[in-house]
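Here's an informal walk through one protein chain, with an eye on its sheets and the helices that sit on them. Have a look at the model first, then read on.

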Amino acid sequence: MDRESSKNKYSNHRLDANRGTEILPHHHRQTHHNGSSISEANGIDKRLCRSIKFALDKTAIVALTDAKGKIIYVNDKFCELSQYSEKELIGKDHRIVNSGYHSRQFFQAFWATIKSGQIWRGEIKNQAKDGSYYWVDTTVVPFLDEQGQPYQYLSIRFDITARKQAEAALKEAEEVSRQQAEMLQRALTELQQTQAQLVHTEKMSGLGQLVAGIAHEINNPINFIYGNLLYTAEYVEKILKLLGMYQYHYPEPVAEIQDTTEALELDFLMEDLPKMVDSMQMGANRIRDLVRSLRNFSRLDESERKAVDIHSGIDSTLLILQHRLKPKGANQEIQLIQDYGNLPPVLCYPSQLNQVFMNILANAIDALEEQPAPSLITIRTRLVQGKEGDFAQITIADNGPGIPAAIHSRLFDPFFTTKPVGKGTGLGLSIAHQIVVEKHGGTLVCISPPGGGTQFVISIPLYRR
């Protein structure tokens, strides 16, 4: 189609706000090949256009704009929904109903589509004259000239506000349901954690009472034995001294004494008896230390915070775990390195802090059970000065296989464990973290770089914040 014929074609149509789309009559009569006149065809087209406009006005929101987007025609439904009159809309562009909901990029893509001659379809949120919002399902059809350039745009819209409101309400209800489900899940997790901690605390309390009871029962007889051993050693020394004097002054005893001396191996007895007494004293000292450590570990009489020597708590815990450091079967002996700094008394809950040491050291021993020699646990204490005050820093490190980076964030989660079923509850580190952070206002950090080895760094403020 050439430019002139195209111009004639488009010039035969105009939009009228009152009468609708009309076809302008020609001033001369032409005849179709079937014998009907063009004027008759124009009459049919005119009635058809009026029917189409009537149908659109009943169902759709219609607007026509020029190439620059200026409104040149709107139907009644557009005015009704936007609450603007036809007079207020003609000559304006659609920014008059812009709600500000859509981004600049949204409209850039919109204009790029229709200016290229393509039909654009989408959903737009508009704002009516009274400030209320409404949604329209929009189709914009560009009218092209003979050069393929848009010269008008026809917009056909349908009101979908009710549907969008229903979708928003459904989405809001889903979000509320999701939040409620998350709250319930958190509450359930917290309940499980609290229950497990209560059970664990009750077990530790029961263990503490048992340990304290055993320590008390052992303490009395061992003090009796230890006290008597001092006199026994003294008596043995005196008797042996007397026997030595007899042997010196009576080197030739009677036959009966000589026979008995040989039968009893008196020389051996005199040499071995002091060693036996020394051995019993060492055993008694060991038992006394163990009893003291048990009482120090349980500390049932120290449920409140008090200033204590952190090193004594660590040593007491190590004494209880001593048997696990020794070689057992194919497992090598675990070597212990204690590098203690100069720490002042630390204000803390002693029994709970000892529980932290117990949990972390037990985990370190577990990690080294199948570790080839050397198996090392290093305990280091330091006084650290920070911006928020001084801290007692306790580092417990092992040279085991380390902890995979993927599970670092879950180490202190309740019930999380990498140990086989039946060997770990997943509560040890969780409770340790709670005791250090919540009870003492400190920090508990795990450092396990690639290549093996794990460090747990405990920082306890010297003065509670």
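Two strands count as paired if DSSP finds at least two bridges between them. Helices (H or I, at least four residues) and strands (E, at least two) are DSSP runs, numbered from the N terminus. With that in hand, start with β11 (residues 375–386) and β12 (residues 389–398): 10 bridges join these antiparallel strands, and the two form a hairpin with two residues between them.

Before going further, a word on ground rules. This is a predicted model, in which local features need pLDDT of at least 70 and side-chain atom pairs count only at pLDDT 80 or more, while totals for chains, interfaces and linings use all residues. Residues are numbered from 1 along each chain as its sequence is written, and side-chain values use heavy atoms, with hydrogens and water left out.

**How far to trust it**

pLDDT is the predictor's confidence in each residue, from 0 to 100. The chain averages 79, with 77% of its residues at 70 or more. Of the chain's elements, strand β5 (residues 120–127) has the highest mean pLDDT, 95, and helix α1 (residues 3–11) the lowest, 36. Residues 1–36 have pLDDT below 50, and beyond near neighbours in sequence this stretch has 55 contacts in the model; contact here means heavy atoms within 4.5 Å. Where pLDDT is low, the predicted coordinates should not be read in detail.

**The mixed sheet**

Back to the hairpin. β11 and β12 belong to an open five-stranded sheet with mixed pairing, in the order β9-β11-β12-β14-β13. β9 and β13 (443–447) are the edge strands with a single partner each, so one side of each has no neighbour in the sheet. From one strand to the next the twist averages 15°; angles run from 0 to 180 degrees between N-to-C directions, and axes are lines fitted to C-alpha atoms, for helices over the stretch in contact. On the other flank of β11, six bridges tie it to β9 (residues 334–339), and these two run parallel.

Some residue partners from the two sheets:

| Residue | Partner | Partner strand |
|---|---|---|
| Ile337 | Thr378 | β11 |
| Ile379 | Ile396 | β12 |
| Arg382 | Gln393 | β12 |
| Lys125 | Trp135 | β6 |

Which strands does α11 lie across? They are β9, β11, β12, β13 and β14 (454–461), with the helix running at about 145° to β11. Helix α12 (residues 428–439) packs on the sheet too, touching β13 and β14, and its direction makes about 135° with that of β13.

**A helix pair**

α11 (residues 350–368) also packs against α9 (residues 310–320), at an angle of about 45° and with the axes 9 Å apart. The two are therefore oblique to each other, since angles under 35 degrees count as roughly parallel, over 145 as roughly antiparallel, 65 to 115 as roughly perpendicular and the rest as oblique. From α9, the residues in contact include Ile310, Ile314 and Leu318, and from α11 they include Leu353, Phe357 and Leu361.

**The antiparallel sheet**

The other open sheet described here has five strands, paired antiparallel in the order β4-β3-β7-β6-β5. Its edges are β4 (71–74) and β5, each with a single partner strand, so one side of each is left unpaired in the sheet. Neighbouring strands are turned by 30° against each other on average, direction ignored. β5 is joined to β6 (residues 133–144) by eight bridges. Helix α5 (residues 104–115) lies across β5, β6 and β7 (150–159), at about 135° to β5.
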